[in-house]
Protein chains: 2
Amino acid sequence: MLVVLSLTIIGMMAMTLSSVAADRLPSWNGGATKRAIVDFINNVTEEGSPGFVPPSERIAVFDNDGTLWSEAPLPFQAAFAFDEVKRRVPTEPALAADPMVKAMLAGDIGKLLEGKHHDGLMKILALTHAGMTTEEFDRRVNQWAESASHPRFKRPYLELTYQPMQELLDYLRAHQFECFIVSGGGADFMRVWSERVYEIPPQNVVGSTARVRYEMRDGKPVLVKTLDQLFVDDKEGKPVGIHQFIGRRPIACFGNSDGDQAMLEYTTIGNPHPSFGLIVHHTDAEREYAYDEKPPASGKLTTALDVAPRRGWTVVDMKKDWNEIWSNPDAASNADDPRGLFGKWLAEDIAGKGVLDRAQSTLEIEPDGAVGGSTSVNRYRGQATIDGNAISFGPLITTRRAGPPAMMEQESRFTEAFSRVTSFRIDESDLLYLTDGDGNDVLRLSRLED
Amino acid sequence: MLVVLSLTIIGMMAMTLSSVAADRLPSWNGGATKRAIVDFINNVTEEGSPGFVPPSERIAVFDNDGTLWSEAPLPFQAAFAFDEVKRRVPTEPALAADPMVKAMLAGDIGKLLEGKHHDGLMKILALTHAGMTTEEFDRRVNQWAESASHPRFKRPYLELTYQPMQELLDYLRAHQFECFIVSGGGADFMRVWSERVYEIPPQNVVGSTARVRYEMRDGKPVLVKTLDQLFVDDKEGKPVGIHQFIGRRPIACFGNSDGDQAMLEYTTIGNPHPSFGLIVHHTDAEREYAYDEKPPASGKLTTALDVAPRRGWTVVDMKKDWNEIWSNPDAASNADDPRGLFGKWLAEDIAGKGVLDRAQSTLEIEPDGAVGGSTSVNRYRGQATIDGNAISFGPLITTRRAGPPAMMEQESRFTEAFSRVTSFRIDESDLLYLTDGDGNDVLRLSRLED
């Protein structure tokens, strides 16, 4: 009797929930995208609906980097790895001598990403993700998560998740979906905080993995991380990982890059159940980032975007579809630019040697740290890391036009100067000074109107 | 308001459930074993208990073969593999020519198990578990499960699960444990039926795995099974698999063999939470099987049993602790022996040539198909497969004592005769006739009193 009564009440609750369903996605603006999500969920979950799918088969998979949280200017796990190396270099000479570590410390991300498998990045990951016990690794990730902050948004990384996607996770779970992360990121890295951050328990995190080694130490069992039998849960690896770890085909898949295309296909093509595919398109440089074919680091989106209409995948226009970006509403305010650094600047002096009147060397700094401009002869672009008054510039990519010798000389001084910059200040005349480690001004710039 | 009322009622239900907890394990006889289980679960789940563990960390792991269902006379997945080979041999000459397939068809299990990694058995598994799509594999497992039956219990294999363990799974789930299988068996094999048989969904099945390959065929995504990067989820592989697939340390672990020792240790040694380890000891030859250090095939139990008292692991005495064995109560009745085959027999005639008066060649047949006796000079043992009136004998293992020439000749005729036997009958005088494929009686035996 109690059971019957209780089930009746739960049934009534479910009906109530269902009728106010749309309100569970308040950060999603009304429109085709939101409607597609709600319609799909209603279709597969309402009793008697033609597309009804039993709860046990309601598997939803989410990419993480760029889908549930930000992945720029670098995937956060790479930031963890870099910060770990920096923390250890002072006391570990062998580490400091490694050529890839040197490249990393010099900000030469390009070198780390060289090669099909990003060998340099893999080396850094190996140094920071193997050789310790799983407990020690968890401790390091937690310490980093508590102390590190995002270069642009000045918040702990774990706070930089997308509010609309958090609402979507809750909405799906309220409809008896089981939600999994299926990410190229390391499973061990994500599992440290996935439950805290997304309410996704470790067993629902599918990621890149390598074997651990079981050992008894002082009579206690430990698991030691290795890089043996590395499994990269990306691209075609994603459906492979879904099969190996979940063993059931999803009916809903959420991603943001070509790395998610295979699992979007696996979810939506030839699925005996109704299925749903969604791509988050980063279109909002102001509140977050805007990229597709040229991402800051990871997250290239070309072919998946091309086939989306044909496959019936829903594409989120972040700028248009999301009225909130961040699950932590303070995140945006920290990224304000009270110092007025962002914008266009004109070089007035380079290393104390002046500039040619007729040769304009310019610098534009965007809120995400992207930099670019003209050397006076060629266009260039690159990435700056900004933290408080500290600023450093990564390698610059330039076009290769030749110009008059004097202008080429200025170009050379201008681009070389950036490599020495460690901090900036803007004075009361609105002049921007970029300064080297000894406090010398290596560049002085005046503001250019847009 | 509705929510509050509903939660109150659910709370009342929970209290009611808790107070009748012991009755949820009706197949467990009262005593220390049952008490240990109930006490542990109460300790970690009752609010305010000193050992309280939050629901999200209530991970319980179960070995499958020999723990949740039977593993004799062969692990059921091996039976599937053998049946698959037999099904395919008539139409696949290459398969028929394989030396390991020949050994298998000749019943030479010893050859298949040779070597540290049981190369022959692995070969058979490779032939039957790789090269097809996951969908095709699932179909084959389902067809086998519907058609095959256990040689002794004459029931579909999927019905041969242990009722006390099924009750334990339910009991744990009612206390917000999440239950996982962690088995040396293939994850793909178990996931086909795990939800049907145990209410354990595919994503909660950790097993031996190999990579699948993602392919598009006729525009549809498929996953092709391979044996690449084989992971054997056994012994030290079990804590490794738990970490890789679950990512959280269990607080309860249930096994039956030395293959489970590492995960029992990982669960119970140095765990910050209270923890529970349990070993199912097969002690009931009558209703199921009795073995530990000499199992029929898999399931050797020596070191884990030795350390159990020191580790505080609970050991189930199947015969004493379980008042029911099978989740399907009909399973036992099918295994009855209305024909009186089981028992001790004395050879009266061998291949039409009589026997020596002074040389007693005997045969004992046990309900599980185990056979043994005296050749008249030496002891022998082996395994028979019985199905209806069909009976066949696997290879016999004998001691190597020499005897008088006439007795050695009889031994030779006696042991050779078994290899030709394909069926049996017992006549009205209670004589047992073992017959070859042409219907010739190759052995006649009379019943020996115990």
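**Reading a predicted chain: burial, helices and contacts**

Q: How much of chain A counts as buried?

A: In this predicted model, 53% of the 450 residues of chain A count as buried. A residue is called buried when its relative accessible area is under 20%, so the label describes how little of that residue is left uncovered by the protein.

Q: How many helices and strands does chain A have, and how compact is the chain?

A: Chain A has 17 helices and 18 strands. Its radius of gyration is 25 Å, close to the 22 Å that the globule rule gives for 450 residues, and therefore the chain is as compact as a globular protein of that length. Along the principal axes, the C-alpha atoms of chain A fill a box of roughly 90 × 60 × 40 Å.

Q: What do the contacts in chain A say about residues that lie apart in sequence?

A: Here one takes the contacts between residues at least 6 apart in sequence, and of these, 62% join residues at least 24 apart.

Q: How is the length of a helix checked, taking helix 3 of chain A as the case?

A: The idea is to compare an expected span, at 1.5 Å a residue, with the distance between the end C-alpha atoms. For helix 3, which covers residues 76-88, the 13 residues should span 18 Å, and the end C-alpha atoms are 18 Å apart, which agrees. For helix 17, residues 405-418, the expected span of its 14 residues is 20 Å and the ends are 21 Å apart, which also agrees.

Q: Which residues of helix 3 and helix 17 of chain A are buried?

A: In helix 3, 10 of the 13 residues are buried, so this helix is largely enclosed by the rest of the structure; among them are A:F76, A:F80, A:A81, A:F82 and A:V85. The buried residues of helix 17 include A:M407, A:F414, A:A417 and A:F418, as well as A:E411 and A:R413.

Q: Is A:I124 buried or exposed, and which residues is A:I124 in contact with?

A: A:I124 lies in helix 7 of chain A, residues 119-129, and because its relative accessibility is 0%, A:I124 counts as buried. Leaving aside neighbours within four places in sequence, A:I124 is in contact with A:A81, A:F82, A:V85, A:M100, A:V101, A:M104 and A:L112. Of these partners, A:A81, A:F82 and A:V85 are also listed among the buried residues of helix 3. A:V101 is 23 residues from A:I124 along the chain, with 6.9 Å between their C-alpha atoms.

Key
Residues numbered from 1 in each chain as written. Chains lettered and ligands numbered in written order. Predicted model: local features only at pLDDT ≥ 70, side-chain atom pairs only at ≥ 80, totals over all residues. Heavy atoms only, no water. Helix = DSSP H or I, 4+ residues; strand = E, 2+ residues; numbered from the N terminus. Expected span 1.5 Å × (residues − 1). Buried < 20%, exposed > 50% of the residue type's maximum accessible area, 1.4 Å probe, protein only. Rg over C-alpha atoms; globule rule 2.2 N^0.38 Å. Contact = heavy atoms within 4.5 Å.
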